Amino acid sequence: MTTDVKFDQRTVAMTVGMKRSPARTTFKHALLIAVGLVMLYPLIWMLGASFKEGEDIFSEVSPIPNPFTLENYARGWEGAGVGFGTFILNSTVVALLSVIGNLVACTLAAYAFARMQFKGKTIFFACMMGMLMLPHHVLLIPQYVLFANFGWVNTILPLVVPKFLAVDAFFVFLMVQFLRGIPTELDQAAKIDGAGPWKTFFYVILPLLKPALATSAIFTFIWTWNDFLTPMIYLQDPRNYTVPLGLNAFLDVSGDSAWGAMFAMAVVSLGPLFGFFLVGQKYLVQGIATTGLKG
Amino acid sequence: MTTLTDPTGAPEASSEERMGDARARGPQGPRARKSTSLRRAILAEKIAPYTFLLPWLIGFFVITLGPMLYSLYLSFTDFSMLAPPEWVGFDNYIKLFTNDPKYLDAVRVTVVYVLVSVPLQLAFALLVAMALNRGLRGLSLYRSIYYLPSLIGASVAVAVLWRQMFGSNGLINQILAWFGIEGMSWIGNPETALGTLVILNVWTFGAPMVIFLAALRQVPQYLYEAAAVDGIGRWGSFRHITLPMLSPIVLFNLVLQMIGAFQAFTPAFVVSGGTGGPVNSTLFYTLYLYQRGFTGFQMGYASAMAWILFLVIALVTAVNFWFSRYWVHYDD
């Protein structure tokens, strides 16, 4: 696709005969805001409900808690048996190690694929692209058998070690796409200056790769923080539970009786995601667009 | 790294340059030694890519390709992890299709889920992307708001929220009561339970929307101008410019979202309390696979299910690409 031809938006709009009248624009904004509100309302309502007293959750559509109480948070934090703080800690450890693993392993692999010549490159690259589409469920059982043989069940190793082995092909692909946009002249200049591949990688490529690293870090954090199936298979002792497991266990124990506390902990579990979303939305949007479009 | 301490001093130069180098420095040292270090340098250059690729290579062979083949083998066995796998030939596959009505329920539920929720989600994504595209003020704010659900849609927290919202005393029924409509437990009714999960998936239209937005920006504006000169209206420009220009991205989103929808798990598990109920109406394929493999420890049987899922996803992807020649327009 050619992108070089760009017209001033307004000129085009006028020639096309779609000059926006103020009324039309206002209507459009009203509609977009309405849709946004409908979409976010459940979340806003849940936030409000987490501060409501007992039965109010079932009778109030308004998100504003009246009376306001923090009791749900106190009750939820105690959890069922194991405190919620433990789950948060476990999830944080798993998510941070996963981020480190993905950043190191996927960057190295991407650099090899994007910049180096070696035997078997075409085949390996095709394999990597194949892994992009491979359903995780095909590996669920054999990996479980493998990790069980290693004695890794009920530890976080099965959740973390694969990240250090670049199995999240999505990020390898994302970084390959990004690297293709960095001019190779930079590598060549470094080579002429006598830098080996590792020096070139650390001092030339890595600094330029920052946006892709940020995208990968944020996505990895969010995905591992949300992951439910894999931890559920490997972690059996509630003291090792991650946040989603803790939430689910709480739901199992309290059934439909303790929505206030459930909501409070759901809000707590979404907190870090919102944080990363607010800080890193630029990188998230970039990341999706980079992988979604040809580089 | 050996390359950095190599005595030739320029280990990264191409072999041609290095030959010249060696010749020029010929008198300074014995030739034999030079050629050894030269060989080492070439070797180092050949090995370097594999050192970068090492983690990926281990990941690929040890925890991807190996397990995949092992799971193919397991799918032809009876295996509970307590005893060694016992070869049973095609028994698992035959039983799945002839003697397991619950499996067929799972297939039906998943197919309905994929075929209904993905087109709805993409249509919504495209519609909103087009509304946002034309230099609208506050675009990035709208984009963020619409994108947010995509990030958290697969979380247990949101599934918990859904379970309350669509329950008998939930938010939806409270709102319906304003209009005098008496609600029911939407998740407790086999007719509507899957619908609540479809809504959840459509709610996460933000990720494909962001991709559409990026693609819309690449459609050259002069095409619209030319169309206007020719007197083609809004619908015409959409039908004859936007849609063809966007078609590769539609295909990309379609494939990506279908693969994702086939593997949906968390919402169904949490909303149904792990059962896939009521009456198997939310028994997603992966949920049933989990039940067989990790609750019933029928690892061979579950492996057969996993391989069928894998083949179906591969097939659907291939069919998508094959059919794409009839509707995807590539601009070269």
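Setting aside neighbours within four places in sequence, B:Phe212 in this predicted model makes contact with B:Ala125, B:Leu126, B:Ala129, B:Leu246 and B:Ile249. That fits with where B:Phe212 turns up next: the largest nonpolar core has 160 residues, and B:Phe212 is one of those touching the most other members. B:Val160 and B:Ala306 share that billing on the chain B side, while chain A supplies A:Ala109, A:Val172, A:Met175 and A:Ala266. As for who gives the most to this core, that is H14(A), with 15 residues.

Now for the place where the chains meet. The contact draws on 77 residues of chain A and 82 residues of chain B. On the side of chain A that touches chain B, helix H14 (residues 259-292) again comes out on top, giving 12 residues. Sorted by class, that side of chain A holds 57 nonpolar residues, 16 polar ones and just four charged ones.

Chain B itself is built with 15 helices and two strands. Out of its 332 residues, 40% count as buried. Take the contacts in chain B between residues at least 6 apart in sequence, and 69% of them turn out to join residues at least 24 apart.

One charged residue of chain B is worth a look too. B:Glu45 sits in helix H3, which covers residues 31-74 of chain B. B:Glu45 counts as buried because 22 C-beta neighbours lie inside 10 Å, and the cut-off for that label is 20 or more. From B:Glu45 to B:Phe179 the separation is 134 residues in sequence and, C-alpha to C-alpha, 74 Å in space.

Note on methods
Residues numbered from 1 in each chain as written. Chains lettered and ligands numbered in written order. Predicted model: local features only at pLDDT ≥ 70, side-chain atom pairs only at ≥ 80, totals over all residues. Helix = DSSP H or I, 4+ residues; strand = E, 2+ residues; numbered from the N terminus. Buried ≥ 20, exposed ≤ 12 C-beta atoms within 10 Å, placed from the backbone. Contact = placed C-beta atoms within 7 Å. Nonpolar A, V, L, I, M, F, W, Y, C, P; charged D, E, K, R; others polar. Core = buried A, V, L, I, M, F, W, Y, C linked by C-beta atoms within 7 Å.
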